[in-house]
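This report is a guided reading for someone meeting the structure for the first time. Please look over the sequence and the model before going on to the sections that follow.

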Amino acid sequence: MKQNLFEKVWKQHAVRELPDGSTQLLVDTHLLHEVTSPQAFGMLRALKLGVKYPERTFATVDHIIPTDDRSEPYKDATAYEMLLHIRKNCSDNSIKFFDTPTGKQGVIHVVMPEQGIIHPGMTVACGDSHTATHGAFGAIAFGIGTSQVRNVLATQTLSFKKLKVRRINVNGKLPDGVRPKDLALHVIRKLGVNGGIGYAYEFGGKVFDDMDMEGRMTVCNMAIEGGARIGYVNPDQKTFDYLKNRPYAPKGEDFEKAVEYWKTFASDEACKYDDTVEFDASEIKPTVTWGVNPSQAVFIDENIPDPSAIEDPAQRKDAADALAYMKLEAGKPIAGTKIDVAFIGSCTNGRLSDFEDAAKFLKGKKVAANVRALAVPGSQIVDKIAREKGIDKIFSEAGFEWRQAGCSMCLAMNADKLVGDEICASTSNRNFKGRQGSPTGRTILMSPRMVAAAAVAGKIADCR
């Protein structure tokens, strides 16, 4: 029987069926950060339980870590306490921790792929909603809650209800200036933030065949914003080339054997899906959000929607509320909207290719006088390579602050926050109310190149 990748991985990892209709699944790889793990370890201690398979768990620090002054103790006492907790918990339980002195610290969904920890056919769990990122490797990767983090630590398994699978085909060629982030926002705009509930999204078609691994990670990262629990791309030669020679990838003959094994997980030709959606890449343009969720988005050459023209009463009210919060006027072009802050970074767009793309636009240009601009590498390794290539200098000379690796202004659990009702052009994944640290702060999502264009213009602008 022909099967898609999700079905193959599910079948291989199913331990048993449970009375409530869910499945007990083996978790191959478990990822930890400092925010959702302390309570889980506390529960383990209360139950007098240890970590079942510590070699299957990997950790880093990213959410709370400062991106400017890292001298210890941190100025934020709570943040420093969280760092000390994860250090001790990992040390006590023999868990590999990519701490700042290792030179490998960074955003968890950037660090683990660059270490070669995620392989095709794996199940991957992490106490973070954007774990779907790792589906770019042909893995089934999902975010979990703190009590589930405890369960994985204690048993290396989870109770999980089987999802349906939607195949999202994107064929044709993305036009110049259109990036994976634009594609992700376009898919969410068309299918909605709840469109993926109950589904795993399988991304395919010529655009994904041609897309590099970092682009695939960006799109899979955003699957959760469309309501899907999981997003993945079938493994191919790009996947294998990316993994080769990574620290935690197999070596020599073992790698070649692994590749043959990994190939078996790709969806079979003519397998069945619960739903299929088609997109024409040539129709997609640079995309930016105007509201307070990622589906409230338009092309750069479109106007801000008029809520009164929306038929569905609930969506009409949501749009009106969003415009009131964003202080934007219906019917006006989104281009030209003034910004106060520009942010490039996060688990969505904090990889080397993101900074390279923005740097191509920024070279020889200057950030507008009214704009505060931050560039935050997704990992210490991204930072190191960017410095070796002189990318940090291009950003600094343009007027960006080049910071140290961390989640930074994506969710503002650190010192990088919006102030008052500042409006931020951001490469992050969420534009919810208050997401970037101020209860009245406003976020407009876009690609790194589009953020660079907005930073230079001082307003939302077309990077083309």
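## The second largest pocket

The model shown here is a predicted one, and a good place to begin is helix α13, which gives the most to the lining of the second largest pocket, with 4 residues. Helix α13 is not alone in this, since α6, α7 (206-210) and α8 also each supply at least two residues of that lining. The lining of the second largest pocket is made up of 24 residues, and those that lie nearest its centre are V178, R179, P180, M211 and D212.

The space in the second largest pocket comes to about 420 Å³. Sorted by class, the residues that line the second largest pocket are 7 nonpolar, 6 polar and 11 charged.

## The largest pocket

The largest pocket holds about 530 Å³ of space, and 20 residues line it, with R189, W290, S295, Q296 and Q315 lying nearest its centre. At least two residues of the lining of the largest pocket come from each of α6, β14 (297-299) and α11 (313-326). In the lining of the largest pocket, 8 residues are nonpolar, 8 are polar and 4 are charged.

## An enclosed cavity

Besides the open pockets there is enclosed space to consider, and the search finds 1 cavity of 30 Å³ or more. The largest cavity contains about 40 Å³ of space, and its lining consists of A184, V187, I188, Y201, F203, V219, M222, A223 and G226. The elements that give two or more residues to this lining are α6 (180-191), β10 (199-204) and α8 (213-222), and the largest share, 3 residues, comes from α6.

Which classes of residue make up the lining of the largest cavity? The lining divides into 8 nonpolar residues and 1 polar residue, with no charged residue among them.

## The two sides of helix α15

Helix α15 spans residues 391-398, and within it I391, D392, I394, F395 and A398 are buried. These buried residues lie on the same side of α15, because they cover an arc of only 160° around its axis. On the other side of α15, K393 and E397 are exposed.

What do the buried residues of α15 pack against? Their partners are the strands β15 (341-344), β16 (372-375) and β17 (401-402), together with the helices α13 (352-362) and α14 (380-388). After α15 the chain continues with G399, whose phi is positive, near 115°.

## Two buried loop residues

A405 is placed in the loop between β17 and β18 (423-426), and although it belongs to a loop, A405 is buried, with a relative accessible area of 2%. Leaving out neighbours within four places in sequence, A405 is in contact with I65, R70, Q105, G106, P377, G378, S379 and Q380. The C-alpha atom of A405 is also separated by 7.1 Å from that of D383, a residue 22 residues apart from A405 along the chain.

D99, for its part, lies in the loop between β5 (96-98) and α4 (108-114), and with a relative accessibility of 9% D99 counts as buried. When residues up to four places away in sequence are not counted, D99 touches V61, L83, R87, Q105 and Q380. Q105 and Q380 thus appear among the contacts of A405 and among those of D99. Measuring C-alpha to C-alpha is left to the model's coordinates, where D99 and C126 are 17 Å apart in space and 27 residues apart in sequence.

## Cysteines without disulfides

A disulfide is a covalent bond between the sulfur atoms of two cysteines. How many disulfides does a search of the whole structure find? The search finds 0, and the distances for two of the cysteines help to explain the result. The sulfur of C424 has its closest cysteine sulfur in C410, and because these lie 10 Å apart they are too far for a bond. For C463 the closest cysteine sulfur is that of C424, which at 17 Å is likewise too far for a bond.

Are these two cysteines buried or exposed? C424 is buried, with a relative accessible area of 0%, and C463, at 7% relative accessibility, counts as buried as well.

Technical notes:
Residues are numbered from 1 along each chain as its sequence is written. This is a predicted model: local features need pLDDT of at least 70, side-chain atom pairs count only at pLDDT 80 or more; totals for chains, interfaces and linings use all residues. Side-chain values use heavy atoms; hydrogens and water are left out. Buried means under 20% relative accessible area, exposed over 50%, partly exposed in between (1.4 Å probe, protein chains only). The arc is that of the directions from the helix axis to the C-beta atoms. Contact means heavy atoms within 4.5 Å. A disulfide is a pair of cysteine sulfur atoms within 2.5 Å. On a 1 Å grid over the protein atoms alone, a cavity is a set of points where a 1.4 Å probe fits but cannot get out, and a pocket is an open set with protein on both sides within 12 Å along at least five of seven lines; lining residues have an atom within 4 Å of a point. Grid points are joined across faces, edges and corners, and a volume is the space filled by probe spheres set on the points. Ala, Val, Leu, Ile, Met, Phe, Trp, Tyr, Cys and Pro count as nonpolar, Asp, Glu, Lys and Arg as charged, and the others, Gly among them, as polar.
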